[in-house]
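Visitor: I've got a model open and I'd like to learn how to read it. Could you walk me through a few features?

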Amino acid sequence: MNFGWDLTTDYGYDTALHEIGHAIGFSHEHQNPNSGIQWDEPAVIGYFSGHPNYWPEEQIRYNILRKLNANETDGSGWDKNSIMHYQFPKGLIVKPEEYRDSPLIPESGLSPEDIVEALHFYPGLDKNLPELRPWESHRIRIGAGEQIDFEIKPKYSREYTIETFGEMDTVMVLFEEINGENVYYDGDDDSGTSLNAKITARLMRGRGYILRIRLYYSKQKGQGALMMW
Ligand SMILES: [Zn+2]
């Protein structure tokens, strides 16, 4: 990600947070189908096709006027202070009526709901992780969009294979603990092809690893297993 603007202003900082929001999977809040926003379409197209954006109409429709599909959202209500919400000058919004005569300017920084949603998708690392040992099968009891972490403390330095089993679509990432930080070591995302994730990697005795599994989809909650050998 390359920021081509001054990050020391409020606007520059908020815009950087907004773009990071896209990078971790967030869509535009002003396109929330539950917002109730009714646009003055010619006014929106007129405004964003001019200075400083000069967007073509197609881009304005994609970034602003198009409502997200309900299945791209989690059904949450309108959060007009979300970092994922644009600023709009007065006169672009027909409803709610208050924005005909006054601009809609989200508060600076992350909103409380932004933080809740980010932590929902990216929960912090639990201190007491279950340990994944060779030849032990672990049942995966998580729902779609949720993740589960395991600790791996290899007794021998050798190549290990870690694989998920069952009718589910998983992404699996292995981190090595280096100086208190979890550094990406290897990953496998088989979404779209064969459903289960598999990593084969050389792990070293005396080092610590974290395995993270995220479930995209399973036919039935809890229907899956994990094994290392
Ligand atoms: Zn955006």
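## Reading the model, feature by feature

Guide: Let's start with charges: E41, E57 and R61 are linked in a network of salt bridges. Keep in mind that this is a predicted model.

Visitor: Which atoms do I check, and how far apart are the closest N and O atoms of R61 and E41?

Guide: The general idea is to look for a side-chain nitrogen of Lys or Arg within 4 Å of a carboxyl oxygen of Asp or Glu. In this case, R61 and E41 come to 3.1 Å at their closest N and O atoms. R61 belongs to helix α3 (residues 57-65) and E41 to helix α2 (residues 41-48), so this salt bridge ties together parts that are 20 residues apart in sequence.

Visitor: And where do E57 and R61 lie?

Guide: Both sit in helix α3, 4 residues apart, which is about one turn of the helix. Their closest N and O atoms are 2.9 Å apart.

Visitor: How do I label the network's residues as buried, partly exposed or exposed?

Guide: Use relative accessible area: under 20% is buried, over 50% is exposed, and partly exposed is in between. R61 is partly exposed at 33%, E41 is partly exposed at 34%, and E57 is partly exposed at 41%.

Visitor: How many salt bridges does the structure hold?

Guide: There are 6 salt bridges. One of them joins the side chains of R207 and E176, at 3.5 Å from N to O. This pair links distant parts of the chain, 31 residues apart: R207 is in the loop between β8 (198-203) and β9 (209-218), while E176 is in strand β6 (residues 168-178). R207 is partly exposed at 42%, whereas E176 is buried at 9%.

Visitor: Now the metal. Which residues are the protein donors of the zinc ion?

Guide: For a site like this, look at the donor atoms, then at their spacing along the chain. H18, H22 and H28 each donate through NE2, lying 2.0 Å from the zinc ion. The spacing of the donors is H-x3-H-x5-H. Among them, H18 is in helix α1 and H28 is in the loop between α1 and β1 (38-39), 10 residues apart.

Visitor: Are H18 and H28 buried or exposed?

Guide: H18 is buried, with a relative accessible area of 6%. H28 also counts as buried, at 6%.

Visitor: What about nonpolar groups on the surface?

Guide: Look for nonpolar side chains that join into a patch. M1, I20, I24 and Y122 make one of about 390 Å². M1 is found in the segment before α1 (10-23), and M1 counts as exposed at 65%.

Visitor: Let's zoom out. What should I read from the overall shape?

Guide: Count the elements, then compare the radius of gyration with a rule for globules. The chain has 5 helices and 10 strands. Its radius of gyration is 22 Å, well over the 17 Å that the globule rule gives for 229 residues, so the chain is more spread out than a compact globule. The C-alpha trace spans about 70 × 40 × 30 Å along its principal axes.

Visitor: What share of the residues is buried?

Guide: Buried residues make up 38% of the 229. The chain exposes about 13600 Å², with carbon and sulfur atoms supplying 50% of that.

Visitor: Last one: how do I read sequence distance against contacts?

Guide: Try V94 in strand β2 (residues 93-95). Leaving aside neighbours within four places in sequence, V94 is in contact with Q38, W39, D40 and R100. For another pair, V94 and N196 are 102 residues apart in sequence and 48 Å apart in space, C-alpha to C-alpha.

Key:
Residues numbered from 1 in each chain as written. Predicted model: local features only at pLDDT ≥ 70, side-chain atom pairs only at ≥ 80, totals over all residues. Heavy atoms only, no water. Patch = residues over 30% accessible without salt bridge, like charges linked within 9 Å, V, L, I, M, F, W, Y side chains within 5 Å. Areas by Shrake-Rupley, 256 points an atom, 1.4 Å probe, with all protein chains shown as cover. Helix = DSSP H or I, 4+ residues; strand = E, 2+ residues; numbered from the N terminus. Buried < 20%, exposed > 50% of the residue type's maximum accessible area, 1.4 Å probe, protein only. Donors = N, O, S within 2.8 Å, 3.2 Å for Na, K, Ca; no water. Rg over C-alpha atoms; globule rule 2.2 N^0.38 Å. Contact = heavy atoms within 4.5 Å.
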